[in-house]
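Reader: I am new to reading protein models. Could you walk me through one, feature by feature?

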Amino acid sequence: MLNIHVISHTHWDREWYLTHEQFRFRLVALVDHLLDLLDSDPAYKHFHLDGQTIVLEDYLEIRPEQESRLRRAIRDGRILIGPWYVMPDEFLVSGESLVRNLLRGHRLSREFGTPMPVGYLPDLFGHVGQMPQIWRQFGLDNTILWRGFGGADAEYWWDGPDGSRLLMMHLPPEGYCNATRIVFDPEAMMARASEKVEFERGRTRTSQALLMNGVDHVEPHAAIPALIEQLSAIPGQRASHSTLPDYVAAVRRAVETDKPPLETIVGELRSGTDYANLLPGVLSARVYLKQQNANVQTLLESYAEPLSVFASRLAPPHPAPSHPAPPPLAPSDLAPSHLAPPHLAPPHPAPRTFLYPAAQLRHAWKTLLQNHPHDSICGCSIDAVHEENMTRFSRARQVADAVVESALDAIADAVPAPAAPGVIRAVVVNPDAIQRAQVVDAFIDLPVDSAEPWRTVDAQALDRPVTFWPPQATITAVTGADGRRVEFQVLGEELLVAHVMSKYETPWALNVRRVHLLWWAPALPSCGYTAFDLSVGAPGDDAAAGRRLVGGGDKYAENERIKMSVNHDGTFEVTDKATGITYHRVAALEDAGDVGDEYNYSPPASDRVVTSKDARVTRVTRLGGGPLRAGLRVELELPLPRAAGADRNSRATDEVATPVIVEATLDAGSPRVALTVSVDNHSADHRLRLLFPTGAAAVETARADTAFDVITRPARVPVPDTIRNESPVSSMPMISMVDAGDRSVGATVIGKGLMEYEITAGADPAIAITLIRAVGDLSRNDLATRPSGHAGPPVATPGAQCLGLQRFELAFEPRAVAPPAGELMAPARARTIPPRVTIARTRGGSAPLTRSFLGIDRRTGDVVLSALKQAEDRASMILRLFNPGDEDAEILVRIDEPIASAFAVNFLEERQRPLPIENRGVALRFTPKQIQTIELVP
């Protein structure tokens, strides 16, 4: 007996070829119709809202009066919701963002009823290898998916790299809509349904056939109960108006009872392009979206949350003892004649406490997640959608920035300001769980006077006190918390107007001298801070002091580990002093034609590739001279074709001189060259990449970071002679880094918001990072790389040409023997999560000058910090770590205060089991690729 599960649903792209508000107009009509249909026809039993809970918010914002009807239908199991908040792309967001998405989806679902217990992945453009473990940690043992895999059967086992196993149901080649477009003519409806039933009969090994009655943005149709009745009348089969949970349960029972031999697939799913389009060009469509997303994700994950934990753990400042304010600077001490009176810097402000900003963080995460639907973050929508995305990124970033500044202020207020005159105390905060020795880069503001001389400001009304400095004052020395002077370097100074905030006054405008300052930090505590005293004085002959750790000249720069020099074409020679190997033509530009669309790269039939060898270098400038940073600035023009030719078979013959600026710098102690690339793009229909040599004669595999993992992939993917549906590609996703080479030599490239890499073919393989992929259409049907035709509506998207000034940040790090995965992640985090600097301004602080709130003692192997936050519904600390390596890892997690209790928790932050406490810490053992979340109750 074949059991036919007819699933009525809609696939709801919140924004795509229409804007969010335009689609919401249709959503309101859909849910209105659905509620009426459920009330009027008991035979219409179930409807799926696409596994997303954001549709509930979107609907009820317009129809709040319908909330009770909607809740009743959900409670009765007739409308199924969750488990997601939004349906994301798995590769273009962080692993932590996937967890927060599902966490919000589950919590919102529970406010209305119960989240659907199905790992629903209907239209995501491939799947990360850790998705089985993610589903398992949300209590799910199954998944339903489509793209990324091309097997012929309907049921499989899917194993994650850690061994987590899911029962996987594979949608048919049509995806989530094999039983749609069948509801108007009864005979045609039955004929099409019978055809799909027979196709599913041949795929299933469990006698369970799945008919997905729905597609993008469609409403329910009242004819479905009649169709089900007709299907059930056919001998040998039984149909029901079913649900995905019921379908999964039926498959599970059949697997357990009949034990059919299901194939096991393992890890990442990015194949099967003959089965369904993968649409890999979305990795580099509208790169500016990916950059903004990476920026806001990092702000929330690596700064706002951990810094808020640090600030909330600091004891409130004790009332300061009664003592006079420090005397004002005398003229001989560079005190200006217009020095602010002592009452402008109150010596003992009222003690402040810091309340963990849970509501603000939830709001910022919610706003960010609304940009994570696959049609949004992938950059494959109309221009108006992505304009709104940028506004959302800005809103989320504003909240995250405010949280970070508030937490930094709280940390700074807890640290006592220096008693000596002429000194500023800078507090350097390291949010990562690795102690670092590095160059600190900060902007220090020296207030000169009021920019509003007509105004009198009550100093007690200011949020934080202000001290004025002479107009020409600058930083003359830097001293660590241990009293030892460290190397420093002034990179530049500028005069500007800044504002001091007040809860009781309008912002006060100040004229300030902003000093761009570097200094050497011998030891930045893990998940903690340390203080440095900056001496303020008259400018000297040299705005730097200490050992010259980095040097350079007009055409070269070097530190103790790296030497680089500029070539005549604007590329660089980089020598690794440890190995003696020189990497040739680092950061070479390569521009090729692209006549594809937002979904797929497609070169013209007759392409003309432009490289750095074609560039005209207009200027080379020395940047700094040490002791902490030196580098080179190369300005060049790249002659790019203006656009594709009229027939799109080649590139136009007329050219545009494209200005490119590459700044390459070396910091003291750093094993990598930091690169900033600016491109003023005035060309259309092209792909611009930056190439980095690996130093190896041949490259077989590459490693890149992905959600909770460092994955090893083949360097090249073979392309068949005949492409039926979509061409396989060798361009692959990364989050922040890619490493390639052989067993003895290689290189790592680190990027911020640059998500696509490729290992080039042929001799001297290089790592190619896509900077710009400029196209002008949402979808086209004339792509050589996607002969199956359109992937979306044919809408012009001129914004996807990415015209104008674009800026990119990367780093290039040579290596010898390939490091383990955990060690490979460390430099990427050092580059993308630099320390933050705040200024201690109050005399009442009692916190130590150096403190580590949390440390990880690594006994064997290595782990990576993913989250450090307060629990969603209690005041304890949540810590999430993962082992990206192939070996076990053993660590001791410790905090600098007694732990009352500790628990292993799942991704829903539900306690699973207590953990023993030893030496004010918790010992953890990680199997390869394992993710663990623990709760610490101080």
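Author: Gladly! Let us begin with a single residue: Val719 touches Ser727 and Pro728, leaving aside residues up to four places away in sequence. Please keep in mind that this is a predicted model.

Reader: Where is Val719 placed?

Author: Val719 sits in the loop between β31 (709–714) and β32 (732–733). You can also look at the C-alpha atoms of Val719 and Ser730: these residues are 11 apart along the chain, and the atoms are separated by 9.0 Å.

Reader: Is Val719 buried, partly exposed or exposed?

Author: The relative accessible area of Val719 is 45%, so Val719 counts as partly exposed. The cut-offs that matter here are under 20% for buried and over 50% for exposed.

Reader: Now the whole chain, please. How many helices and strands does the chain have?

Author: The chain has 13 helices and 47 strands. Its C-alpha atoms fill a box of roughly 100 × 65 × 55 Å along the principal axes. For 938 residues, a compact globule would have a radius of gyration near 30 Å, and the chain agrees because its value is 30 Å.

Reader: What share of the residues counts as buried?

Author: Of the 938 residues, 62% are buried. Contacts tell you something too: among those between residues at least 6 apart in sequence, 76% join residues at least 24 apart.

Reader: How do I read two helices that pack together?

Author: Two packed helices are described by the angle between their axes and by the distance between those axes. Here, helix α2 (residues 54–62) and helix α3 (residues 67–75) pack at an angle of about 155°, with axes 10 Å apart. Angles over 145 degrees count as roughly antiparallel, and α2 and α3 are therefore roughly antiparallel to each other.

Reader: Which residues meet there?

Author: From α2 come Leu56, Tyr59 and Leu60, which meet Glu67, Leu70 and Ile74 of α3. Sorted by class, this contact has five nonpolar residues, one charged residue and no polar ones.

Reader: And strands? Which strands pair with β21?

Author: Strand β20 (residues 562–566) pairs with β21 in the antiparallel sense over five bridges. On top of that, four bridges join β21 to strand β22 (residues 581–586), again antiparallel. Follow Phe572 in β21: its bridge partner is Val566, and Phe572 also stands opposite Val586 in β22. Strand β21 (residues 572–576) is mostly covered, with four of its five residues buried.

Reader: What do the turns beside β21 look like?

Author: The hairpin of β20 and β21 has five residues between the strands, and Gly570 there takes a positive phi near 90°. The hairpin of β21 and β22 has four residues between the strands, and Gly580 in the turn has a positive phi of about 75°.

Reader: Which residues have a positive phi although they are not glycines?

Author: Two cases to look up are His217, with a phi of about 65°, and Leu279, with a phi of about 60°. His217 is in the loop between β8 (208–213) and α7 (224–232), and is buried at a relative accessible area of 4%. Leu279 is in the loop between β10 (264–266) and α9 (287–313), and is buried at 2% relative accessibility.

Reader: Last one: where can I find a cis peptide bond?

Author: Try the bond joining Gly82 and Pro83, where omega is about 15°; Pro83 lies in the loop between β3 (79–80) and α4 (95–112). The bond from Gly626 to Pro627 is cis as well, with omega near 15°, and Pro627 lies in the loop between β25 (616–625) and β26 (629–641).

Note on methods:
Residues are numbered from 1 along each chain as its sequence is written. This is a predicted model: local features need pLDDT of at least 70, side-chain atom pairs count only at pLDDT 80 or more; totals for chains, interfaces and linings use all residues. Side-chain values use heavy atoms; hydrogens and water are left out. Axes are lines fitted to C-alpha atoms, for helices over the stretch in contact, and angles run from 0 to 180 degrees between N-to-C directions. Helices (H or I, at least four residues) and strands (E, at least two) are DSSP runs, numbered from the N terminus. Angles under 35 degrees count as roughly parallel, over 145 as roughly antiparallel, 65 to 115 as roughly perpendicular and the rest as oblique. Contact means heavy atoms within 4.5 Å. Ala, Val, Leu, Ile, Met, Phe, Trp, Tyr, Cys and Pro count as nonpolar, Asp, Glu, Lys and Arg as charged, and the others, Gly among them, as polar. Buried means under 20% relative accessible area, exposed over 50%, partly exposed in between (1.4 Å probe, protein chains only). Two strands pair if DSSP finds at least two bridges between them. The radius of gyration is taken over C-alpha atoms; the globule rule is 2.2 Å times the number of residues to the power 0.38.
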